[in-house]
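New to this one? Take a moment to look it over, and then we'll walk through how its parts meet and stop at one residue along the way.

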Amino acid sequence: MEDIKDFGLEELKESLLNKGYPRFLARQVFSWIYGKRIEDFSLMTDISRKARKFLENNFYISGLKLLEKETSIDGTEKFLFRLRDNSTIETVLIPEGKRNTLCISTQVGCRFRCAFCVSGINGFKRNLKSSEITGQYLEVSRFKKTKPVTNIVFMGIGEPLDNFDNLVKSIGILTDPSGISLGKKRICVSTVGIIPELKELIALNLGVKLSVSLHSADAFKREKLMPIAKKYPLDELIKVVKDFCRKIKVPLTFEYILIGKVNSSRQDALKLAKLTKNINCKVNIIPYNPSSYFKWLKPSSEEIEGFSDVLRKYNLLFTLRKPKGWDINAACGQLRAKFGCK
Ligand code: SAH
């Protein structure tokens, strides 16, 4: 038995064809599962009895088990899910005006060990299957019938480009017109900057947005904060990012966690302004969300002011994010860590 939610539309067409069923059966199944949200083959009434029996005997339809749900005073909601192998993952729903952005995980744990991020403290366990990636959207949508998810960011636990095939497959499922049909521009992939996969993503031209976790415009400092930068250096990353902007013509986002006394001086801001000068981008400044696992400090209000001041002077487009869900450990990996999850 295979999980039907691990199939992209084209894959399912192929698989059904190989078993003697017409390709259009795949689209019918897709529209039942992802459009009408029916997870029982016997209820798929426009499919012949014979085909339904065949589906029942050959596929199952997986779901995620909700273990814990916490709501922050600012409206952010955090979901902790249990997977079939007892691994756990987190998903965060962030309401902002008319938007409801869902922050999705792509891996159990993370192998990149950024110095400020809880996701990697227990190491890496495995990639999420595409059913587990899209499952986060499907499960949260079930709860949120009155407050539908409008946007998806791949900014939960894990590195999306390190689970490239399942990332691409999930984006295909989330945007397919016969099902969820989410607009491509409403999806954003966030990465530490894995250059080969980044190039592949650009070549695929999926139409989704891209966000690059920068955290410092100084190559040496960035390597200290993000060890992967030793393998994929900042200057090469910037070249690829410029390529993205030239080809895709959608503004790119840089994420920049402002950590007290680390990357938050006026000098740091000046470097950031210079590095991003000719790039069609916006910078998201996120004050560091403290965790008991690390010694890093929140930036002081003087640091935040000084940093923003310089960016304004250089006309850099930026947003200063209020960290969301402070009270419910909404930064990457914090809820999992709190529950001692592996
Ligand atoms: N691996 C991808 C996606 C997951 S992290 C990436 O790094 O882009 C999503 C964002 O949350 C990243 O910018 C990450 O640096 C940030 N983040 C991690 N820990 C944080 C913390 N304690 N406070 C604020 N932001 C954090």
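## Two domains and a threonine

The domain assignment splits the chain into domain 1, covering residues 2-60, and domain 2, covering residues 65-328. Keep in mind as you look around that this is a predicted model. Measure from C-alpha centre to C-alpha centre and the two domains are 33 Å apart. Where they touch, domain 1 brings 15 residues to the contact and domain 2 brings 14.

So how much area is buried between domain 1 and domain 2? It comes to about 1300 Å², with carbon and sulfur atoms giving 52% of that. On the domain 1 side, a trio stands out: Asp6, Tyr34 and Arg37 supply 42% of the area that domain 1 buries against domain 2, and no other three residues supply more.

Now for the polar side of things. Three salt bridges are counted between domain 1 and domain 2, along with seven residue pairs in polar contact, where both partners have pLDDT 80 or more.

What does the domain 1 face look like, then? Helices α1 (9-18) and α2 (24-35) each put at least two residues into the side that touches domain 2. Helix α2 has the largest share of that side, with five residues. Sorted by class, the side of domain 1 that touches domain 2 holds seven charged, five nonpolar and three polar residues.

Elsewhere in the model there's also a salt bridge worth a look, between Glu39 and Arg142, and a residue worth a visit, Thr191; their polar distances are listed here.

| Pair | What is paired | Distance |
|---|---|---|
| Glu39 and Arg142 | salt bridge, closest N and O atoms | 3.9 Å |
| Thr191 and Glu159 | polar contact, side chain to side chain | 2.7 Å |
| Thr191 and Gly193 | polar atom of the Thr191 side chain to the Gly193 backbone nitrogen | 2.9 Å |

Let's stay with Thr191 for a bit. You'll find Thr191 in strand β10, which runs over residues 187-191. Is Thr191 buried or exposed? With a relative accessible area of 1%, Thr191 is buried, because anything under 20% counts as buried.

Who surrounds Thr191? Leaving out residues up to four places away in sequence, Thr191 touches Glu159, Leu161, Leu198, Leu210, Ser211, Val212 and Ser213. Glu159 turns up twice in this story: it is on that list of touching residues, and its side chain also makes the polar contact with the Thr191 side chain.

Conventions: Residues numbered from 1 in each chain as written. Predicted model: local features only at pLDDT ≥ 70, side-chain atom pairs only at ≥ 80, totals over all residues. Heavy atoms only, no water. Domains from an automatic or database assignment. Contact = heavy atoms within 4.5 Å. Buried area = accessible area lost by both parts, 1.4 Å probe. Salt bridge = Lys/Arg side-chain N within 4 Å of Asp/Glu carboxyl O. Polar contact = N/O pair within 3.5 Å; in protein donor to acceptor, adjacent residues only side chain to side chain. Helix = DSSP H or I, 4+ residues; strand = E, 2+ residues; numbered from the N terminus. Nonpolar A, V, L, I, M, F, W, Y, C, P; charged D, E, K, R; others polar. Buried < 20%, exposed > 50% of the residue type's maximum accessible area, 1.4 Å probe, protein only.
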